Amino acid sequence: MLVAVPTEVAEGEKRVAAVPETVGRLAAAGLSVCVQAGAGERAAFYDPAYADKGASIEPDAGRLLGSADAVLKVAPPTAAEVAKLRPGAALIGLLNPVGDPDGIRALAARGVTAFALELLPRISRAQNMDALSSQAMVAGYRSVLMAAERLPKFFPMSMTAAGTVPPAKVLVLGAGVAGLQAIATARRLGAVVSAYDVRAAAKEEVSSLGATFVELPLEAQDGTGGYAREQSEAFLREQRELIGRHVAAADVVITTAAIPGRPAPVLVTEAMVAGMRPGSVIVDLAAESGGNCELSRPGEDVVSGGVVVAGARNVASSMPTHASALYARNVANLLLLLVRDGAFAPDFDDEVVAGSCVTRDGAVVHPVVRGRT
Ligand code: NAD
């Protein structure tokens with residue numbers, strides 16, 4: 001079975017779906033791995049390191065994709081890449097199944113058996129394949145560095161001969177995987193951190209990291225699978241009113257609130273930004289799915305009344321070495337689940353396999369996606 005690792009072609013994408021360590025694991029499982037020349041370079045993984053672990057190196061993307069039994073990707077394949085895939089080939093990646101139904105339809109039409117990591121069931125057994133978590137962890141860490149770079153103040157308290165500098169006040173809205181990592185990182189930098197989430201379990205998790213949980217007199221909004229459920233506009237209006245004074249008091253607000261498959265809820269309005277001190281910073285990790293802040297634009301800094309609103313865009317890719325290393329392990333773990341005795345043999349009775357499979361036998365098979373294509 002030939003496993004291909006192409007160079008990512010999406011704009012700004014620096015990650016790669018296999019690293020030398022995971023190539024070694026796949027080779028040990030009897031798979032032949034072929035890496036496109038330079039595929040790992042932007043993540044600081046060079047061709048000789050892959051070759052050392054048993055990979056062959058192929059300069060030509062067309063030949064690589066056309067000969068592969070399985071293709072490992074980060075971003076969804078472009079139409080040109082799909083056209084090069086061999087009918088019957090397997091594909092694993094972050095395929096944006098809900099946001100890009102046309103792309104999924106194209107994979108089905110090509111006869112590709114595609115697994116979208118976004119759809120992976122979030123059960124304990126699948127945790128080592130959970131790319132949403134591994135990449136959210138990277139994004140949470142980076143969001144604090146983004147804020148620190150933009151904040152014209154120190155994070156830690158400093159007592160100097162020139163006087164005392166108070167610590168920065170950081171408010172994290174949404175304390176899931178990214179939010180908890182942001183809390184831990186901001187604490188390590190010396191900020192005073194508080195956080196809010198609509199899930200009941202979040203309070204204990206926030207407190208265990210040494211941050212203050214912001215108590216709001218609102219009903220918990222727990223959904224299924226550890227996620228929040230989509231909130232009504234009335235709930236969000238009340239939440240914004242209650243959280244307003246906490247936002248106004250913060251030097252930094254990091255927003256990470258998402259509802260899977262739905263636009264992100266607006267937590268910070270333009271009026272709330274106007275109520276913040278000049279020099280304050282908002283980092284909106286949900287900017288790509290509509291934004292938690294009304295003013296945010298993905299990949300841009302919007303300055304309003306002296307407040308910087310940094311809209312995140314593919315943040316995990318800005319720390320590509322570790323983002324790739326973690327992602328590649330997620331991908332390798334899923335691929336090895338699909339392989340028996342060196343051959344592609346997915347067990348569709350396995351909920352992890354069935355739950356992540358989005359196209360198969362020429363059709364879109366995942367119920368969540370089928371409803372949208
Ligand atoms: P996510 O990225 O979908 O959302 C981020 C956070 O935003 C969540 O904590 C959510 O509750 C919160 N949120 C949504 N609307 C909000 C609002 N209006 N105000 C404030 N916060 C709001 O979620 P995620 O971080 O990927 O995962 C959330 C939780 O899922 C985790 O903390 C964990 O409990 C669970 N989880 C379980 C597994 C597993 O068992 N394998 C894996 C990953 C996550």
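These are my notebook entries on the ligand site and one helix pair of this predicted model.

Setup. I number residues from 1 along each chain as its sequence is written, and my side-chain values use heavy atoms, with hydrogens and water left out. As the model is predicted, local features need pLDDT of at least 70 and side-chain atom pairs count only at pLDDT 80 or more, while totals for chains, interfaces and linings use all residues.

Ligand shell. I looked up the residues with a heavy atom within 4 Å of the ligand. I found that 26 residues surround the ligand, with Arg122, Val177, Asp197, Arg199 and Gln231 the closest. I sorted the shell into 14 nonpolar, eight polar and four charged residues (Ala, Val, Leu, Ile, Met, Phe, Trp, Tyr, Cys and Pro count as nonpolar, Asp, Glu, Lys and Arg as charged, the others, Gly among them, as polar).

Ligand polar atoms. I noted a ligand nitrogen 2.7 Å from an N or O atom in the Gln231 side chain. For Arg122, a side-chain N or O atom is 2.8 Å from a ligand oxygen. The protein covers 86% of the 830 Å² of accessible area that the ligand has on its own (Shrake-Rupley method, 1.4 Å probe).

Helix pair. I took helices as DSSP runs (H or I, at least four residues), numbered from the N terminus. The axes of α1 (residues 20-28) and α11 (residues 320-337) come within 9 Å and cross at roughly 10°; axes are lines fitted to C-alpha atoms over the stretch in contact, with angles from 0 to 180 degrees between N-to-C directions. That makes α1 roughly parallel to α11 (angles under 35 degrees).

Note on methods. Polar contact = N/O pair within 3.5 Å; in protein donor to acceptor, adjacent residues only side chain to side chain. Helix = DSSP H or I, 4+ residues; strand = E, 2+ residues; numbered from the N terminus. Parallel < 35°, antiparallel > 145°, perpendicular 65-115°, else oblique.
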